[in-house]
Amino acid sequence: MASEELASKLQRRLQWEEGDCGLQPALQATPVPEPQPQPPARAPTARADAELSAQLNRRLDINEGAARPRRCKVFHPYSEFPEFSRRLIKDLESMFKLYDAGRDGFIDLMELKLMMEKLGAPQTHLGLKSMIKEVDEDFDGKLSFREFLLIFHKAAAGELQEDSGLMALAKLSEIDVALEGVRGAKDFFEAKVQALSSASKFEAELKAEQDERKQAEEKKRLRQAAFRELKATFST
């Protein structure tokens with residue numbers, strides 16, 4: 001009985017294989033692709049690890065000089081650095097542009113080297129890289145204007161070492177001491193940092209600038225009127 005059942009199964013298997021070989025080739029020529037498994041959703045920890053890895057890789061690229069520069073976002077220096085007066089920010093902006101030889105909105109390593117030499121405090125190559133690294137928030141290996149202001153913010157807050165290159169920059173970078181009515185570069189810097197931190201003082205400075213502009217426009221208008229009058233006199 002068992003042998004008959006086994007023979008029956010073998011016969012059905014042979015018939016199925018003959019039919020499969022004879023009738024199925026056309027169907028096997030275009031196999032239906034199997035659905036690809038979807039990747040599992042990334043956990044928050046995996047995403048955080050990837051972001052950290054990207055930051056570390058960018059730091060390595062910066063150290064090797066292979067990092068692509070990032071675009072610097074627009075910021076408002078008067079609101080982000082309220083402890084600085086408008087006059088001080090403008091003076092520092094003028095100084096920043098003076099040493100931004102490439103006119104790209106940044107001070108790179110070579111431009112910082114030239115600046116420190118002009119200020120009488122030359123630094124080594126490693127010293128310059130260390131100066132940039134201390135305030136380089138976006139890891140692009142150079143100083144934006146915001147990072148340049150951050151040097152003076154740290155100096156005023158006592159966050160810089162006294163013998164550091166950034167402190168030397170902060171102390172020696174004052175431009176026109178006589179204009180501010182104080183003596184010495186150090187006193188000049190401290191006086192400007194402590195001078196204006198309230199909103200009322202900011203408004204007063206803004207109003208003073210507007211008054212100066214109005215006075216200049218009035219003088220120009222009077223000169224033009226006098227010129228027209230003199231011209232009319234010679235024409236008659």
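## A walk through an all-helix predicted model

Residues 24 or more positions apart account for 53% of the contacts in the protein chain, counting contacts with a separation of 6 or more. The model is a predicted one. Its protein chain holds twelve helices and zero strands. Read along the sequence, the pattern is therefore α-α-α-α-α-α-α-α-α-α-α-α. Of the 236 residues in the chain, 27% count as buried.

Start with the nonpolar core. In soluble globular proteins, nonpolar side chains tend to be buried together. Here the largest nonpolar core has 33 residues. Within this core, Leu112, Met115, Met116, Phe148 and Leu169 touch the most other members. Five helices each supply at least two of the core residues: H5 (86–99), H6 (109–118), H7 (125–135), H8 (145–156) and H9 (165–172). Helix H8 gives the most, with seven residues.

Phenylalanine 148 is a good place to zoom in. Which residues is it in contact with, leaving aside neighbours within four places in sequence? The list is Leu92, Met95, Phe96, Ile107, Met115 and Leu169. Two of these partners, Met115 and Leu169, are also among the core members that touch the most others.

Phe148 also belongs to an aromatic group. A search of the whole structure finds four aromatic pairs. One of them joins phenylalanine 81 and phenylalanine 84. Their ring centres are 5.8 Å apart and their planes stand at 5 degrees. Planes under 30 degrees apart count as stacked, so this pair is stacked. Are these two residues buried or exposed? Phenylalanine 81 has 2% relative accessibility and counts as buried. Phenylalanine 84, at 4%, counts as buried too. The cut-off for buried is under 20%. Elsewhere, ring pairs link Phe96, Phe145, Phe148 and Phe152 into a cluster. Phe96 thus appears in the cluster and in the contact list of phenylalanine 148.

Now turn to a helix pair. Two packed helices are described by the angle between their axes and the distance between the axes. H7 and H9 pack at an angle of about 85 degrees, and their axes are 9 Å apart. That angle makes H7 roughly perpendicular to H9, because the range for that label is 65 to 115 degrees. On the H7 side, the contact is made by Met131, Glu134 and Val135. On the H9 side, it is made by Gly165, Leu166 and Leu169. By class, the contact has four nonpolar residues, one polar and one charged. Leu169 ties this contact back to phenylalanine 148, with which it is in contact.

Helix H9 also carries lysine 171. At 24% relative accessibility, lysine 171 counts as partly exposed. Its C-alpha atom is 8.7 Å from that of alanine 155, and the two residues are 16 apart along the chain.

Helix H5 offers another lysine, at position 90. Lysine 90 is partly exposed, with a relative accessible area of 35%. What does lysine 90 touch, not counting residues up to four places away in sequence? It touches Tyr78 and Glu209. The C-alpha atoms of lysine 90 and proline 77 are separated by 9.9 Å, with their positions 13 residues apart along the chain.

The loops come next. Most residues other than glycine have a negative phi. Two loop residues depart from that pattern. Arginine 103 lies in the loop between H5 and H6. Its phi is near 55 degrees, a positive value in a residue other than glycine. Arginine 103 counts as exposed, because its relative accessibility is 61% and the cut-off for exposed is over 50%. Phenylalanine 139 sits in the loop between H7 and H8. Its phi is likewise positive, near 55 degrees. With a relative accessible area of 28%, phenylalanine 139 is partly exposed.

The loop between H5 and H6 also holds phenylalanine 106. Is phenylalanine 106 buried or exposed? At 11% relative accessibility, it counts as buried. Arginine 103, in that loop, counts as exposed. The C-alpha atom of phenylalanine 106 is separated by 9.9 Å from that of glycine 141, a residue 35 away along the chain.

Conventions
Residues numbered from 1 in each chain as written. Predicted model: local features only at pLDDT ≥ 70, side-chain atom pairs only at ≥ 80, totals over all residues. Heavy atoms only, no water. Core = buried A, V, L, I, M, F, W, Y, C linked by side-chain atoms within 4.5 Å. Buried < 20%, exposed > 50% of the residue type's maximum accessible area, 1.4 Å probe, protein only. Helix = DSSP H or I, 4+ residues; strand = E, 2+ residues; numbered from the N terminus. Contact = heavy atoms within 4.5 Å. Axes fitted to C-alpha atoms, helices over the stretch in contact; angles between N-to-C directions. Parallel < 35°, antiparallel > 145°, perpendicular 65-115°, else oblique. Nonpolar A, V, L, I, M, F, W, Y, C, P; charged D, E, K, R; others polar. Phe/Tyr/Trp six-rings, centres within 6.5 Å; stacked < 30°, edge-to-face > 60°.
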